[in-house]
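Q: Please provide a close look at a single part of this structure, for a reader who has not met it before.

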Amino acid sequence: MLTTLGYKLSDAEPHYALDGSIAVTGSLVQWLRDNLGMISTPEEIETLAKTVDDNGGAYFVPAFSGLFAPNWRSDARDALVGLVRFVDKGHIYRAALEATAFQTRKVLDAVDADSGVPLTELKVDRA
């Protein structure tokens, strides 16, 4: 996790925040659209992911530009694992959406571990 200045008012002590950058989850959806032609618009992915009950054991590790928080591995590369014969597009769409949730969970766990304070509120920036 990265420590960043949260705010400082006048002469009071500064308050800090933990920053956990997650990259590639949005561009994973773009990749499915632009590079593979699996969807026409990003909005389609949720509807198509709902065509299956689970991910069928397929998992994405979105790391086109490495893994960000909390792993910080610039040498990591994207992976799609767990493919078996019955996995179809719906499972892949669902795995892509779940990748965001899994990465977010890892960051939340790292915040709790690094701060020692249970997280009660989360603010998200789409930068």
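The answer below follows one helix and then turns to a contact elsewhere.

A: The model is predicted, and the part chosen here is helix 3, which covers residues 89-115. Two salt bridges within this helix may be taken in turn. In one of them, the side chains of R94 and E98 meet, with an N to O distance of 2.9 Å. Both residues belong to helix 3 and stand 4 residues apart, about one turn of the helix. R94 is partly exposed, at a relative accessible area of 25%. E98 has a relative accessible area of 19% and counts as buried, because buried means under 20%.

Further along the helix are R105 and D109, whose closest N and O atoms are 2.9 Å apart in a salt bridge. This pair also lies in helix 3 with a separation of 4 residues, about one turn of the helix. R105 is partly exposed, with a relative accessible area of 48%, and D109 is partly exposed as well, at 38% relative accessibility.

Helix 3 also contains F102, a partly exposed residue with a relative accessible area of 44%. Together with Y59 and V81, F102 forms a nonpolar patch on the surface, and the accessible area of the three together is about 280 Å².

For context, the whole structure holds 5 salt bridges. Among them is the one between D75 and R73, where the N to O distance is 2.7 Å. D75 is partly exposed, with a relative accessible area of 48%, and R73 is likewise partly exposed, at 44% relative accessibility.

Notes: Residues numbered from 1 in each chain as written. Predicted model: local features only at pLDDT ≥ 70, side-chain atom pairs only at ≥ 80, totals over all residues. Heavy atoms only, no water. Patch = residues over 30% accessible without salt bridge, like charges linked within 9 Å, V, L, I, M, F, W, Y side chains within 5 Å. Areas by Shrake-Rupley, 256 points an atom, 1.4 Å probe, with all protein chains shown as cover. Salt bridge = Lys/Arg side-chain N within 4 Å of Asp/Glu carboxyl O. Buried < 20%, exposed > 50% of the residue type's maximum accessible area, 1.4 Å probe, protein only.
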